[in-house]
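Here is a brief report on one protein chain. Please keep the sequence and the model in view while reading.

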Amino acid sequence: MSDWLDALQGKLRRLRSARDHLPDAADIATRTLLAGYLDRQGFLDEAESILQEVYQEASERFLRPEQDPLWSQTSTRAGQAHRLNELEAIRRDLEQELFVRLEMVRRGREQLAAAALAVRDAFLEGALDGTPDDALFWTYMRGEILRRQGDLPLANEWFKHLLANARPGSAIAAAARQLELLNIEAGDRVNLLSALGRDGDLFERLRAILSRETRETPVPGGSTQ
């Protein structure tokens, strides 16, 4: 998806190939960065899965402090009692940070659900009638919202409708890029044809908006098509 993502994933592979014990601080930091990147790109399931995994590791406590993979992050020249307190503070802060990040991902899901409903209402209530460019913009947004919600088959249908109806330009390029990302994300796990027949009422409204534009397009002689 990007050179930066490839670098993060490569760093994780190198860390994991060099260890035979629980993740250390560098691994935790790298996975947290990776989750943040995936969240911003809209891969919420993957981001939440990584954050939940790291949160569980941050919540672990060990019988002997030297067993803790984060023990090396404490002040090596300090006394045992100080290091124990420092270790607990590190884990507590890490837990809190990861909890906040998890909550942000989950609240993002709630906001997406509200946005999906608003787009649906806009089509069905006629708010986009007479504005074909706006309708195509919200076609893109509906597809992106569905992709971020994890409904990849239906997102695929919306991006295909955009490709079929938009004029050549940035909208076509954006939809094609989103379809590429979507197919990478789906892989062999998702049957993208399973959305056929869904959102039919919205696609019907979209076609009506666009066909009205065609009928009303001026042609030589002052008539309309």
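How many helices and how many strands does the protein chain have? The chain has eight helices and zero strands. The model is predicted. Along the sequence the pattern reads α-α-α-α-α-α-α-α.

**Overall figures**

Of the 225 residues in the protein chain, 38% are buried. Contacts with a separation of 6 or more were also sorted by distance in sequence. Residues 24 or more positions apart supply 61% of them. The chain has an accessible surface of about 12,800 Å². Carbon and sulfur atoms account for 52% of that surface.

**Helix α7**

Helix α7 covers residues 170–186, which is 17 residues. From first C-alpha to last, α7 reaches 24 Å, close to the 24 Å expected at 1.5 Å a residue. Which residues of α7 are buried? They are A175, Q178, L179, L181, L182, E185 and A186. Viewed down the axis of α7, these buried residues fall within an arc of 165°, so they line one face of the helix. The general geometry is simple: an α-helix has 3.6 residues a turn, so residues three or four places apart point the same way.

The other side of α7 carries S170 and I184, both exposed. What do the buried residues of α7 pack against? Their partners are α3 (44–58), α5 and α6.

**After α7**

G187 comes just after α7 and takes a positive phi of about 55°. Further along, D199 sits in the loop between α7 and α8 (200–216). The phi of D199 is also positive, near 60°, and D199 is not a glycine. Most residues other than glycine have a negative phi. Is D199 buried or exposed? D199 has a relative accessible area of 12%, below the 20% cut-off, so D199 counts as buried.

**Three residues in other helices**

The table places one residue from each of α4, α5 and α6.

| Residue | Helix | Relative accessible area | Class |
|---|---|---|---|
| M104 | α4 (residues 80–124) | 53% | exposed |
| Q149 | α5 (residues 132–149) | 30% | partly exposed |
| H161 | α6 (residues 152–165) | 16% | buried |

M104 belongs to a nonpolar surface patch, together with F99 and V100. The area of this patch is about 290 Å². The exposed class of M104 follows from its 53%, because exposed means over 50%.

Q149 lies in α5. Which residues does Q149 contact, leaving aside neighbours within four places in sequence? The contacts are R109, L112, A113 and A116. Take L112: Q149 and L112 are 37 residues apart along the chain. Their C-alpha atoms are separated by 7.0 Å. Q149 is partly exposed because its 30% falls between the 20% and 50% cut-offs.

H161 lies in α6. With residues up to four places away in sequence not counted, H161 touches F203, L206 and R207. Why is H161 classed as buried? Its relative accessible area is 16%, and buried means under 20%, so H161 qualifies.

**In brief**

This predicted model has eight helices and zero strands. In α7, the buried residues line one face and pack against α3, α5 and α6. Positive phi values occur at G187 and at D199.

Key
Residues numbered from 1 in each chain as written. Predicted model: local features only at pLDDT ≥ 70, side-chain atom pairs only at ≥ 80, totals over all residues. Heavy atoms only, no water. Helix = DSSP H or I, 4+ residues; strand = E, 2+ residues; numbered from the N terminus. Buried < 20%, exposed > 50% of the residue type's maximum accessible area, 1.4 Å probe, protein only. Contact = heavy atoms within 4.5 Å. Areas by Shrake-Rupley, 256 points an atom, 1.4 Å probe, with all protein chains shown as cover. Patch = residues over 30% accessible without salt bridge, like charges linked within 9 Å, V, L, I, M, F, W, Y side chains within 5 Å. Salt bridge = Lys/Arg side-chain N within 4 Å of Asp/Glu carboxyl O. Expected span 1.5 Å × (residues − 1). Arc of directions from axis to C-beta.
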